[in-house]
Amino acid sequence: MNTMTQTALVTGANKGIGFETARLLAQQGFTVWLGCRHQGRGEVAVKELAHEGDVRFVSLDVTDAESVRAAALHIGGETDALDVLVNNAGVAIGEGESLPSTVRLETIQRTFDVNFYGALRVTQAFLPLVQKAQAGRIVNVSSTMGSIATLVSPGNPLGQFPSFAYPTSKTLLNALTGWFAVELGSTPIKVNAVCPGYNATDLNNNLGTQHPSQGAKVVVRAATLPADGPSGGFFDVNGPVGW
């Protein structure tokens, strides 16, 4: 993709994988809107990335429909099209998380509101701008923990983790990816889900085994796919992952 005049929005981009994704896209020449619900933190992040390229703050809370609409209006007022949308914002709520027999319903609801409904709200609001791009790209940051194929495979260690809300939110995000890919299959838009790997972020209390900059490379690869690239896929650093 020619990124000389490309534009991108990354949600949850004031830290972690989102921050590093914004950095890499800015380095490639994108004008990047850094979505963050906290203005102070977002503005600090933009200042940190100022030397990388054109990075701009946009107030965006993916759980708030009005905030999402306002962000879409703001960005739409500054650009004719959005070339890349990265649904990165996500949460893993420890309180009440457990296996399906004991997980708290409130924990599921709060997790889904960000990880699934948040991505849906944002994609619906920004799709008109993505459709105006020459070749839009939508990237949903998922996890192999949401892969049912991995979950039920013999000897799968993921099934031993006492967690249901977070993995299931990613399973739904994967389904959303597939549905949008089918809906937009006759257009140049490509929609994919990616697992960035186990990165040291606030999501896992910085216990991850790699720096977020490594995970961001997987995201950016999907965000800059060529015209003959895949759509409707789920990928990690090694390639396709089973749904």
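This report walks through a predicted model, from its sheet to its helices, cores and salt bridges.

## The sheet

Start with the strands. Eight of them form an open sheet with mixed pairing. Their order is 3-2-1-4-5-6-7-8. Strand 3 (55-59) and strand 8 (239-240) stand at the edges. Each has a single partner strand, so one side of each lacks a neighbour in the sheet.

Now follow some of the pairings. Strand 1 (residues 7-10) runs parallel to strand 4, and three bridges join them. Here A8 has V84 of strand 4 as its bridge partner. Strand 4 also pairs with strand 5 in the parallel sense, over four bridges. On that side, the bridge partner of V84 is R137 in strand 5. Strand 5 runs parallel to strand 6 in turn, joined by five bridges. One pair there is V141 with V194 of strand 6.

Are the residues of strand 4 buried or exposed on its two faces? Both faces are covered. V84 and V86 are buried on one side, and L85 and N87 are buried on the other. A general rule helps in reading this pattern. In a regular strand, side chains alternate between the two faces of the sheet.

## Helices on the sheet

Helix 1 packs on the sheet. It touches strand 1, strand 2 (31-36), strand 3 and strand 4. The direction of helix 1 makes about 170 degrees with that of strand 1. Helix 2 (residues 39-49) lies across strand 2 and strand 3. Its angle to strand 3 is also about 170 degrees.

T21 gives a close view of helix 1, where it has its place. Its relative accessibility is 2%, so T21 counts as buried. Which residues does T21 touch, leaving out those up to four places away in sequence? They are V10, V86, A216, V219 and V220.

Three of those names return in helix 8. The buried residues of helix 8 are P212, G215, A216, V218, V219, V220, A222 and A223. They pack against helix 1 (16-27), strand 4 (84-87), strand 5 (137-141), strand 6 (190-194) and strand 7 (234-236). The length of helix 8 can be checked too. It has 12 residues (212-223), and at 1.5 Å a residue these should span 16 Å. The end C-alpha atoms are 16 Å apart, which agrees.

## Two nonpolar cores

The largest nonpolar core has 29 residues. Within it, L9, L85, F126 and I138 touch the most other members. Which elements give two or more residues to this core? They are helix 3 (65-76), helix 5 (117-131) and helix 7 (165-183). Helix 5 gives the most, with seven residues. A second, separate core has 27 residues, including V10, A26, L49 and V84.

I138 shows what such contacts look like. Not counting residues up to four places away in sequence, I138 touches L85, N87, T123, L127, V130, L184, I189, K190, V191 and N192.

## Salt bridges

How many salt bridges does a search of the whole structure find? The count is seven. Three of them are set out here.

| Salt bridge | N to O distance | Relative accessible area |
|---|---|---|
| E66 and R69 | 2.9 Å | E66 47%, R69 46% |
| R104 and E95 | 3.4 Å | R104 46%, E95 54% |
| D113 and R121 | 2.6 Å | D113 24%, R121 24% |

Salt bridges that share partners also join E20, R23 and E52 into one network.

Look at exposure next. E95 counts as exposed at 54%, while its partner R104 is partly exposed at 46%. D113 is partly exposed, and R121 is partly exposed as well.

Why are E66 and R69 separated by about one helical turn? They are three residues apart in helix 3, which accounts for that spacing. The general rule is simple. An α-helix has 3.6 residues a turn, so residues three or four places apart point the same way. In this pair, the side chains of E66 and R69 meet in a salt bridge.

Terms used: Residues are numbered from 1 along each chain as its sequence is written. This is a predicted model: local features need pLDDT of at least 70, side-chain atom pairs count only at pLDDT 80 or more; totals for chains, interfaces and linings use all residues. Side-chain values use heavy atoms; hydrogens and water are left out. The expected span of a helix is 1.5 Å times one less than its number of residues. Buried means under 20% relative accessible area, exposed over 50%, partly exposed in between (1.4 Å probe, protein chains only). Contact means heavy atoms within 4.5 Å. A nonpolar core is a set of buried Ala, Val, Leu, Ile, Met, Phe, Trp, Tyr and Cys residues joined through side-chain atoms within 4.5 Å. A salt bridge is a side-chain nitrogen of Lys or Arg within 4 Å of a carboxyl oxygen of Asp or Glu. Two strands pair if DSSP finds at least two bridges between them. Axes are lines fitted to C-alpha atoms, for helices over the stretch in contact, and angles run from 0 to 180 degrees between N-to-C directions.
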